[in-house]
Amino acid sequence: MTDLYARHQAVLPDWLALYYENPIELTHGEGRHVWAADGTKYLDFFGGILTTMTAHALPEVTKAVADQAGRIIHSSTLYLDRPMVELAERIAALSGIPDARVFFTTSGTEANDTALLLATQYRQSNAILAMRNSYHGRSFSAVGITGNRGWSPTSLSPLQTLYVHGGVRTRGPYAALSDADFIAACVADLEDLLGHGRLPAALIAEPVQGVGGFTSPPDGLYAAFREVLDRHSILWISDEVQTGWGRTGDHFWGWQAHAASGPPDMLTFAKGIGNGMAIGGVVARAEVMNCLDSNSISTFGGSPVTMAAGLANLGYVLEHDLPGNARRVGGLLLERMRAIGAGAACVREVRGRGLMIGIELVRPGTDEPAPELASAVLEAAREAGVLIGKGGGHHTSVLRIAPPLSLTVAEAEEGAAVLERALLSV
Ligand code: PMP
């Protein structure tokens, strides 16, 4: 055990889990690569949980941060903040939400918390519809709408949560149905839930479930849900913390796979927009955003340094068409991983979209989740120089691949070759 690992364990919470038997201390990065304190170089296929969105040490972002830090680091929202206004204008225009207002926070959790505050206040109901297998953050309110038991440390909650089917396509009672019948069954499940008790304020859903193992419904599910929600004036909140900014390749936002319904009432974002700087936020139409009748403030939300990073990072994503790169390189990587998965007895399913690829592992010859194999593949990939993530439902048996969106074809091929050997070795 390294000295730093021992000190980590002595002073930090037990539940702050680290990856790997011998955890890694990353000291620097460049592009899609990172280096550990012992000098080992890794290809980064997880981007610090989908957060290094463009690249490590991207000169444009680093310069924007340094320049802004040299001028003023903090002023608070009590004063006009030019970078905050500029980033809000860009995000409002990109959001697809009409008459959009943007509120900045410092994390995805706080963004979802804000969306819940707005929805419950606007609708005067503390009931919330959430998806099974969901993850929306770590706060007291967010864990109360988390369907993923492994990430919900208390059942006490200020909210009454009703869990809806549909976020997981290939497991559960509707798995054998066709896409159309799957959607019809989930809509019937939603209607059934609404028949009981008080009317919920909102449905919150991740278009592709992140922590849940990159699972998603058939395209169009949320459009079908929307028709039901509209009949009861229930709001739709799209949690785009993992799926935003073109990560899924085909779409700039995950909700656009369900676009027949038009945009959601609110969307929440975080992770990639700051390329590692702490930015979260919520976009809502003005009527919903402005429904609070008291002051509300986030001291650090919208701070000039993070906003400068966000502006530079978002500009880079759009100017270099990184969503298009995610679609092209992600498509190649997905096909390659599907071919590899077909030849590996422990792979149940390879799924995903853009640069968000999940590989679900089972004990060979069964349909039982294999968290021990997922850990073994994670270790084997690390040994061979590639960092990936884990996730998935009640058992952590899904490998998660989510490199920076600037991934090159050569890097995708290099990573896939390592993952092939790792999958075949366990
Ligand atoms: N929503 C989703 C979909 C997430 O994946 C996460 C983080 N994994 C969050 C919310 C919470 O974000 P944060 O960790 O920044 O609070």
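**Exercise 1.** How do the residues of the shell around the ligand divide into nonpolar, polar and charged?

*Solution.* Keep in mind that this is a predicted model. Start with the shell as a whole: 13 residues surround the ligand. Now sort them by type, and you find 3 nonpolar, 7 polar and 3 charged residues. Next, look for the closest ones, which are Gly108, Thr109, Asp239, Gln242 and Lys271. Finally, ask which element gives the most to the shell: helix α5, spanning residues 108-123, does so with 3 residues.

**Exercise 2.** Find which atoms of the ligand lie by polar side-chain atoms of Thr109, Gln242 and Lys271.

*Solution.* Take the residues one by one, using 3.5 Å as the cut-off for a polar contact. Thr109 places a polar side-chain atom 2.5 Å from a ligand oxygen atom. For Gln242, the partner is also an oxygen atom of the ligand, at 2.8 Å. With Lys271, the partner is a nitrogen atom of the ligand, 3.0 Å away. As a last step, consider cover: on its own the ligand has 390 Å² of accessible area, and the protein covers 85% of that.

**Exercise 3.** Describe how domain 1 and domain 2 meet.

*Solution.* First, locate the parts: domain 1 is made of 3-57 + 321-425, and domain 2 runs over 62-319. Their centres, taken over C-alpha atoms, are 25 Å apart. Then turn to the contact, where each domain contributes 36 residues. Together the two domains bury about 3,000 Å² between them, with 52% of it on carbon and sulfur atoms. To finish, pick out Met53, Arg353 and Met356: they supply 26% of the area that domain 1 buries against domain 2, more than any other three residues.

How values were computed. Residues numbered from 1 in each chain as written. Predicted model: local features only at pLDDT ≥ 70, side-chain atom pairs only at ≥ 80, totals over all residues. Heavy atoms only, no water. Near = heavy atom within 4 Å. Polar contact = N/O pair within 3.5 Å; in protein donor to acceptor, adjacent residues only side chain to side chain. Areas by Shrake-Rupley, 256 points an atom, 1.4 Å probe, with all protein chains shown as cover. Helix = DSSP H or I, 4+ residues; strand = E, 2+ residues; numbered from the N terminus. Nonpolar A, V, L, I, M, F, W, Y, C, P; charged D, E, K, R; others polar. Domains from an automatic or database assignment. Contact = heavy atoms within 4.5 Å. Buried area = accessible area lost by both parts, 1.4 Å probe.
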